[in-house]
Every structure is written in structure tokens, then in C-alpha cells.
Amino acid sequence: MCPSLDDDRSEDDRTLLSLRDRQLRTVFEMALDAIAIADDEGRYLDVNPAACELFGLEKDELLGRCISDFTEPGFNFKQVWQQFQQPEKVRGEFQLVRPDGEIRVVEYAATANFLPHRHLLIIRDITERKRAEIKVQELT
């Protein structure tokens, strides 16, 4: 029995999906900015190598941790997280506290529910830029 055209298309579709999945995973892994996917409670479900470097943790140490684990004392994570999920897309700055106590200034772009109950965060370390801006202001 000869294979039908539908069988050929199904195989082509699977091949294209596999290629697309590999391309997306490569972009995720190779991005210079930190990328994280969090659940509805703000727990990290997946992170890229740049996120591990920014947080100063190995991937297995970061997964399952909550965003609030990396905030300054007194930061009302619960309120901010609830507000974030309303507009669906937000940008801002944040002071990230690494486990070693180092504070990094980051800017973020976050998209709520890019998939149901999954939230995408892109985080860029701007600590050095902020320090340079302060030095320039001091000179003027």
C-alpha cells in the first residue's frame, strides 16, 4: 500500500515543528539577557543560562524558587505580582538581591499568560549603566 499525501504532510508538519522547537530552544539558551518562565505563584519553571548567571545560581538551584526570594526586605511581591497579571505586559526596573547578597539593578519586560498560567520575564542587568549615570551626574 502506498503512503498517502496526508501521511507525507503529517511527517513534514512534524519535521517543521521539531525544527521550530529546536530553533526556539536555541534562542532561549543563547540569549544574552536573562529569560525566565514563571507560574501563577511566581515560581521559576524554566530559566536560561543568562538567568543563572544573573542570579548567581545553577539552573537546578533556581528552578522552583519564587521571584520574591530575590527581592529586598519589605518589597510587597504579592501585590506587585497581582497587578502585573492585570495589564498582561509590563516593563520596569527592579533591584534583584542575589543569594550572595549582591544587589543588581535590572530592567524587565514581562508578559503575563503568554501560555495559560505561564508568565514570561526578560531581565537585563543595568547595574553598570546605572553606576555610570550616577558618575556623570556627580560630574555635572
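Which side chain does the side chain of His-119 meet in a polar contact of 2.7 Å? In this predicted model, the partner is Asp-40, whose side chain is joined to that of His-119 by the contact. His-119 is a convenient place to begin a tour of the structure, and its surroundings are taken up here before the hairpins and the pockets.

His-119 belongs to strand β5. The residue counts as buried because its relative accessible area is 0%, below the 20% limit. Besides the link to Asp-40, the side chain of His-119 has a polar atom 2.9 Å from the backbone nitrogen of Asn-113. Leaving out residues up to four places away in sequence, the residues that His-119 touches include Ala-36, Ile-37, Ala-38, Asp-39 and Asp-40. Trp-81, Phe-84 and Gln-85 are also among the residues touched by His-119, as are Thr-111, Ala-112, Asn-113 and Phe-114.

One of these contacts, Ala-36, leads to a pair of strands. Ala-36 has Val-47 of β2 as its bridge partner. Strands β1 and β2 (residues 44-47) are antiparallel and pair through 3 bridges. Between the two strands of this hairpin lie 5 residues, and Gly-42 adopts a positive phi near 85°.

A second hairpin is built from β3 and β4, again with 5 residues between the strands. Here it is Gly-101, in the turn, that has a positive phi, of about 95°. The pairing of strand β3 (residues 89-97) with strand β4 (residues 103-115) is antiparallel and comprises 9 bridges. Within it, Val-105 of β4 is found opposite Gln-95.

Strands β3 and β4 also help to frame the largest pocket, alongside other elements. This pocket encloses about 320 Å³ of space. Elements contributing two or more residues to its lining are α4 (77-84), β3, β4 and β5 (118-125). Of these, β3 provides the largest share, with 5 residues. The lining comprises 18 residues, and those nearest the centre of the pocket are Ile-67, Val-80, Phe-94, Tyr-108 and Leu-121. In character, 16 of the lining residues are nonpolar and 2 are charged, with no polar ones.

The second largest pocket has a volume of about 270 Å³. At least two lining residues come from each of α1 (5-30), β1 (34-38), β4 and β5, and α1 gives the largest share, 5 residues. Among the residues around this pocket are Leu-24, Val-27, Phe-28, Ile-35 and Leu-120. Phe-114, which touches His-119, is part of the lining as well, and so is Ile-37, another contact of His-119. The lining holds 8 nonpolar and 4 charged residues, and no polar ones. Asp-21, Arg-25, Asp-46 and Arg-118 are also found in this lining.

Asp-46 leads on to Leu-63, a residue with which it is in contact. Leu-63 sits in the loop that runs between α3 (59-62) and α4. With neighbours within four places in sequence set aside, the contacts of Leu-63 are Tyr-44, Leu-45, Asp-46 and Val-47. Is Leu-63 buried or partly exposed? Leu-63 is partly exposed, because its relative accessible area of 31% falls between the limits of 20% and 50%. The C-alpha atoms of Leu-63 and Phe-84 are 21 Å apart in space, and the two residues are 21 places apart in sequence.

Notes
Residues are numbered from 1 along each chain as its sequence is written. This is a predicted model: local features need pLDDT of at least 70, side-chain atom pairs count only at pLDDT 80 or more; totals for chains, interfaces and linings use all residues. Side-chain values use heavy atoms; hydrogens and water are left out. Two strands pair if DSSP finds at least two bridges between them. Helices (H or I, at least four residues) and strands (E, at least two) are DSSP runs, numbered from the N terminus. On a 1 Å grid over the protein atoms alone, a cavity is a set of points where a 1.4 Å probe fits but cannot get out, and a pocket is an open set with protein on both sides within 12 Å along at least five of seven lines; lining residues have an atom within 4 Å of a point. Grid points are joined across faces, edges and corners, and a volume is the space filled by probe spheres set on the points. Ala, Val, Leu, Ile, Met, Phe, Trp, Tyr, Cys and Pro count as nonpolar, Asp, Glu, Lys and Arg as charged, and the others, Gly among them, as polar. Buried means under 20% relative accessible area, exposed over 50%, partly exposed in between (1.4 Å probe, protein chains only). A polar contact is a pair of N or O atoms within 3.5 Å; within protein, one must be able to donate a hydrogen and the other to accept it, and residues adjacent in sequence count only if both atoms are side-chain atoms. Contact means heavy atoms within 4.5 Å.
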